[in-house]
Amino acid sequence: MFSTTFQALDHLLTAQQPLFTGNPYRDPEHYRSQLSERQWSFIQTIPVAELDALQANDQNLLARMADHFPCVDEIQRLINGIPHLPPSDATRPISERDFPSVPGRKLEQIRGFVGALGVVDHPIVEWCAGKAHLGRCLHRLHQQPVRSLELNPMLVEEGRRLANTLPVQLEVCNVMEPIPSDWIAPTHHIIGLHACGDLHRRMLTLATLQKAHRISLSPCCYQLTRDTHYVPLSQAGYASTLRLNRDILHTAIRGSITQPANGNRQRKQLQAWRLGFDLLQRQITGSTTYLNQPSVSTAILQKGFGAFCQHIADHHGLRLPSPETITPFEALGTARFESVARLDLVRSLFRRVLELWLVTDMALYLEEQGYSVTLQTYCPGRISPRNLLIDARR
């Protein structure tokens, strides 16, 4: 069922590799060289004030870029080919009053996910369960027993308190290690909402090995893997020439819910400072490549650009010039950030089709294991950009 879609995604991405495998923040000159003069001229005309809104909405971004990037038509066709399930009345019993411990947006995600599942008529195994919010909601609607697996003992303890006398059994469990054989059986429905990277791969491979009756997964954070490159699950994935490293996998999840205004300003300022420091270190060292920089708290913004540069320089053992020499690089970093942020719109054109390539590989794998599989979205992107549901039944 998914073979034609996968081949179309693979053909598109293979042909457009330079536009999503490059990183405009690390090497903007090389990334810029992948664009035609017409495309580059257009990118430069996009006002800085529009950038956040375009990054926050795939459809708006694609529409804005369509006249200058011919691949957009095919991207839109592939994205629009994924069905979206309308809200279900079955989730009305899931209310804020009954689940006060669940944050509002998380509860909306659960409502959408549960509504898309329809009837759940087998015992549930909840993967990477946290406090088992999803498991408790599913039990309330379908009266099925739930076993919830979670690594963090503090979350398990809080989940047990919230479950109280419900038949929702939370287990401290590292799912990457051997699991008791009776915890996943042919009579079980294995469910994972936003299981990350290797964790959702483990869920799929173990559930199929044990021939679970049904597998329902919304994957997330594909880049969280021990492998340096994505290892395809399906035969078609193995046959592909695409090689997706962690940086490319991260591109697939870069669509994010809009941050509060203050957090967004701080993020941009830090990015501009990082680019300013990179220009500075290139002058100091004679390097022509980006120098990786350690994570820093936004609290460093209060200390000024000079203190930021000193912190990064100390990390790398670099000796900085006088403060007067450093100061101009703050403005240079800001200008570079604006240019790079425009280039990054091009890379973002491919984030959703990259994610579709990954989930379609998983869907094909499940079909190869004898499952009937559907793929759909279960909530609007404003509730969660990671809104794809793979649902497989034997």
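How close do the axes of helix 11 and helix 18 come, and at what angle do they cross? I will start there. This is a predicted model, and everything I say refers to that model.

Helix 11 covers residues 197–209 and helix 18 covers residues 351–368. Their axes come within 11 Å and cross at roughly 10°. An angle under 35 degrees counts as roughly parallel, so helix 11 is roughly parallel to helix 18. On the helix 11 side the contact is made by His200, Leu204, Thr205 and Thr208. Helix 18 contributes Met362, Tyr365 and Leu366. By class, the residues of this contact divide into four nonpolar, three polar and no charged.

Next, helix 6, which takes part in two packings that I want to show. Helix 6 runs over residues 58–65 and packs with helix 17, residues 328–348, at an angle of about 105°. The two axes are 10 Å apart. That makes helix 6 roughly perpendicular to helix 17. Asp58, Leu61 and Met65 of helix 6 meet Leu345, Val346 and Ser348 of helix 17. The residues of that contact are four nonpolar, one polar and one charged.

The second partner of helix 6 is helix 5, residues 48–56. Here the angle is about 120° and the axes are 5 Å apart. Roughly perpendicular ends at 115 degrees, so helix 5 and helix 6 are oblique to each other. From helix 5, the residues in contact are Glu50, Leu54 and Ala56; from helix 6, they are Asp58, Asn60, Leu61 and Arg64. The class count for this contact is three nonpolar, one polar and three charged. Note that Asp58 and Leu61 appear in the contact with helix 17 and also in the contact with helix 5.

Staying in this region, histidine 68 sits in the loop between helix 6 and helix 7, the latter being residues 72–80. Is histidine 68 buried or exposed? Its relative accessible area is 18%, and the cut-off for buried is under 20%, so histidine 68 is buried. Leaving aside neighbours within four places in sequence, histidine 68 is in contact with Arg38, Gln39 and Phe42.

Now helix 9, residues 133–142. How many of the ten residues of helix 9 are buried? Seven are, so the helix is largely enclosed by the rest of the structure. The buried ones are His133, Leu134, Gly135, Arg136, Cys137, Leu138 and His139. They pack against two helices, helix 8 (104–117) and helix 10 (153–163). They also pack against strand 1 (124–126), strand 2 (146–150), strand 3 (168–172) and strand 4 (189–196). After helix 9 comes glutamine 143, with a positive phi near 60°.

That brings me to backbone angles. Most residues other than glycine have a negative phi. Besides glutamine 143 with its positive phi, I have two residues to point out. Histidine 194 is not a glycine, yet has a positive phi of about 65°. Histidine 194 lies in strand 4, and strand 4 is one of the elements that the buried residues of helix 9 pack against. At 17% relative accessibility, histidine 194 counts as buried. Cysteine 221, also not a glycine, has a positive phi of about 50°. Cysteine 221 is in the loop between strand 5 (214–220) and helix 12 (235–239). With a relative accessible area of 17%, cysteine 221 is buried.

On to internal space. A search of the whole structure finds one cavity of 30 Å³ or more. The volume of the largest cavity is about 40 Å³. Which residues line the largest cavity? They are Asp198, Arg201, Tyr222, Thr225, Asp227, His229, Tyr230, Val231 and Leu249. Sorted by class, the lining has four nonpolar, two polar and three charged residues.

Last, proline 321. This residue lies in the loop between helix 15 (305–316) and helix 16 (323–326). Proline 321 is partly exposed, with a relative accessible area of 30%. Not counting residues up to four places away in sequence, proline 321 touches Leu280, Ile284 and Ile326. Leucine 279 is 42 residues away from proline 321 along the chain, and their C-alpha atoms are separated by 13 Å.

That is the end of the tour.

Conventions. Residues numbered from 1 in each chain as written. Predicted model: local features only at pLDDT ≥ 70, side-chain atom pairs only at ≥ 80, totals over all residues. Heavy atoms only, no water. Buried < 20%, exposed > 50% of the residue type's maximum accessible area, 1.4 Å probe, protein only. Helix = DSSP H or I, 4+ residues; strand = E, 2+ residues; numbered from the N terminus. Contact = heavy atoms within 4.5 Å. 1 Å grid on protein atoms, 1.4 Å probe; cavity = no way out; pocket = protein on both sides within 12 Å on 5 of 7 lines; lining within 4 Å. Points joined across faces, edges and corners; volume = space filled by probe spheres on them. Nonpolar A, V, L, I, M, F, W, Y, C, P; charged D, E, K, R; others polar. Axes fitted to C-alpha atoms, helices over the stretch in contact; angles between N-to-C directions. Parallel < 35°, antiparallel > 145°, perpendicular 65-115°, else oblique.
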